[in-house]
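Here are my notes on the ligand site, the empty space and the backbone of this model. Please read them with the coordinates open.

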Amino acid sequence: MTLSGKRILLIVGGGIAGYKALELIRVLRKRGASVRCILTKAAQEFVTPLSAASLSGDKAYTDLFSLTDEAEMGHIELSRDADLLVVAPATADLMAKMAHGFASDLASTALLATDKAVLIAPAMNVRMWEHPATKRNLAVLREDGVSVVGPDEGEMACGEFGFGRMAQPDAIADAAAALLSGGAASPAKPLAGCRALVTSGPTHEPIDPVRYIANRSSGKQGHAIARALAELGAEVTLVSGPVALADPPGVAVVKVETAAEMLAAVEARMPVDAAVFCAAVADWRVARAGDEKLKKTPGGPPSLGLVENPDILATIAKRTSGRPVLVVGFAAETEKVIEHAKAKLARKGCDWIVANDVSTPAGGTGVMGGDRNTVSIVTRDGVETWPILDKTAVAQRLAQRIAEQLKDRQWV
Ligand code: PMT
């Protein structure tokens, strides 16, 4: 994707991924953009202003109080002269400053003074990325209209593994091009502008303060779908039951425990354009969960008294106003998979059912918690059976299928 004639202000934060910022300058220029750099004080510990200036072919700016810089190009002008501001690497510290409106150095001041689109490429240690403070800051930045690319999962410079590696320069350049084309759908980001919601994981229905009813869903499939949709450019909210997985990058995550909480969280995010209900929601909950831990009594085990949970998928699929354009349900079946999936499609009023075979025949894969899945897409027009795939591949294929289905829509 070309960036021909675009002016990009690249703000380099202080992290080990700074070396990739130099490669990013090269990629952006190769695609036709002109690049001007600001380096924070910490960034200069990793890359020098001279390297940034040499690669960008322009002066690299570092100091808010430099008389010469201010005379040549004031900090306000620096931020307004660009078509797009890209922050790469966006460190936890820089994100915190942005989220709280700090203007304590040239980088944060330019970011506060700008009226242009801002794209950040976070990069930090996985624990820092998963810290509630960073999550809060990320949520604020998204609310403020900041776009996010990455981070990727992988091994880090510190030796730990997880999400926190800066997105590759090509991916950042793609995201920049998508933003500068008005967020319009492009071949790489066919879902740009589309709002999507995914449910994932189990629900926990309390019996008393220490016990609950649950199932074996790990969240792997739902989380992978949220990530795949985000990678195609959708603005994704993931409503997740309790799981032991990292939040997928570039996705807003709402964590819930029970079916009732999941329904409330889903309804709060409506309207969306596409909704995928992958969660294994408990069908029942205990009518009156104990306030205190239930005790063994000579009379035998307590009677739990179950009541039905709300059906989240059916509630959304049957909305008369504000219904998503595409509602996709899942069905985990151990026998008569397609027959049961067709019945669910009709009963719940959704557009597609992704039927997964959770039986364990020879070579069977669909057991909850596993890494692979055997699925068929059941629609009113027919059934499409996919080969055995790992859950990431199922997610990517499903996201592509959703993008094809929605390709002629204009997002508002
Ligand atoms: O999480 P993993 O370990 O990766 O496993 C993935 C999975 C097997 C959980 C997933 O692929 C899957 O099949 N999820 C649906 C499980 C299921 O059988 O759901 P169900 O038949 O109870 O419900 C059918 C559909 O209605 C589902 O889309 C479900 O999210 C939805 N539903 C069900 C009950 C309810 N109260 N509210 C709902 O929204």
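1. Start with the polar contacts of the ligand, meaning pairs of N or O atoms within 3.5 Å; within protein, one must be able to donate a hydrogen and the other to accept it, and residues adjacent in sequence count only if both atoms are side-chain atoms. The side chain of Ser 218 places an N or O atom 2.7 Å from an oxygen atom of the ligand. Two backbone contacts go to ligand nitrogen: Cys 278 has an N or O atom at 2.9 Å from a nitrogen atom, and Ile 312 has one at 3.0 Å. On its own the ligand has 770 Å² of accessible area, and the protein covers 95% of that. Areas come from the Shrake-Rupley method with a 1.4 Å probe; for residues, only the protein chains shown count as cover.

2. On provenance: this is a predicted model, where local features need pLDDT of at least 70 and side-chain atom pairs count only at pLDDT 80 or more, while totals for chains, interfaces and linings use all residues. Residues are numbered from 1 along each chain as its sequence is written, and side-chain values use heavy atoms, with hydrogens and water left out.

3. Which residues come nearest to the ligand? They are Phe 277, Ala 279, Lys 344, Asn 356 and Gly 369, out of 26 around the ligand. A residue counts as near if one of its heavy atoms lies within 4 Å. By class the shell has 12 nonpolar, 8 polar and 6 charged residues. Here Ala, Val, Leu, Ile, Met, Phe, Trp, Tyr, Cys and Pro are nonpolar, Asp, Glu, Lys and Arg are charged, and the others, Gly among them, are polar.

4. Helix H10 (220-231), helix H12 (312-317), strand S17 (326-333) and helix H13 (337-348) each give the shell at least two residues. S17 supplies the largest share, 4 residues. Helices (H or I, at least four residues) and strands (E, at least two) are DSSP runs, numbered from the N terminus.

5. The ligand takes the space of the second largest pocket. A pocket is an open set of points on a 1 Å grid over the protein atoms alone, with protein on both sides within 12 Å along at least five of seven lines; lining residues have an atom within 4 Å of a point. A molecule sits in a pocket if more than half of its atoms lie within 2 Å of its grid points. The volume is about 830 Å³, taken as the space filled by probe spheres set on points joined across faces, edges and corners. Of 36 lining residues, Ala 279, Ala 280, Val 281, Phe 330 and Ala 332 lie nearest the centre. The lining has 15 nonpolar, 14 polar and 7 charged residues.

6. How many cavities of 30 Å³ or more are there? The count is 1. A cavity is a set of grid points where a 1.4 Å probe fits but cannot get out. Its lining is Arg 195, Ala 196, Glu 235, Thr 237, Arg 269 and Val 272. Strands S9 (195-200) and S12 (235-240) each supply at least two of these.

7. Check the backbone too. Gly 150 to Pro 151 is a cis peptide bond, omega near 5 degrees. Met 270 to Pro 271 is also cis, with omega about 0 degrees. Lys 336, in the loop between S17 and H13, has a positive phi near 45 degrees.
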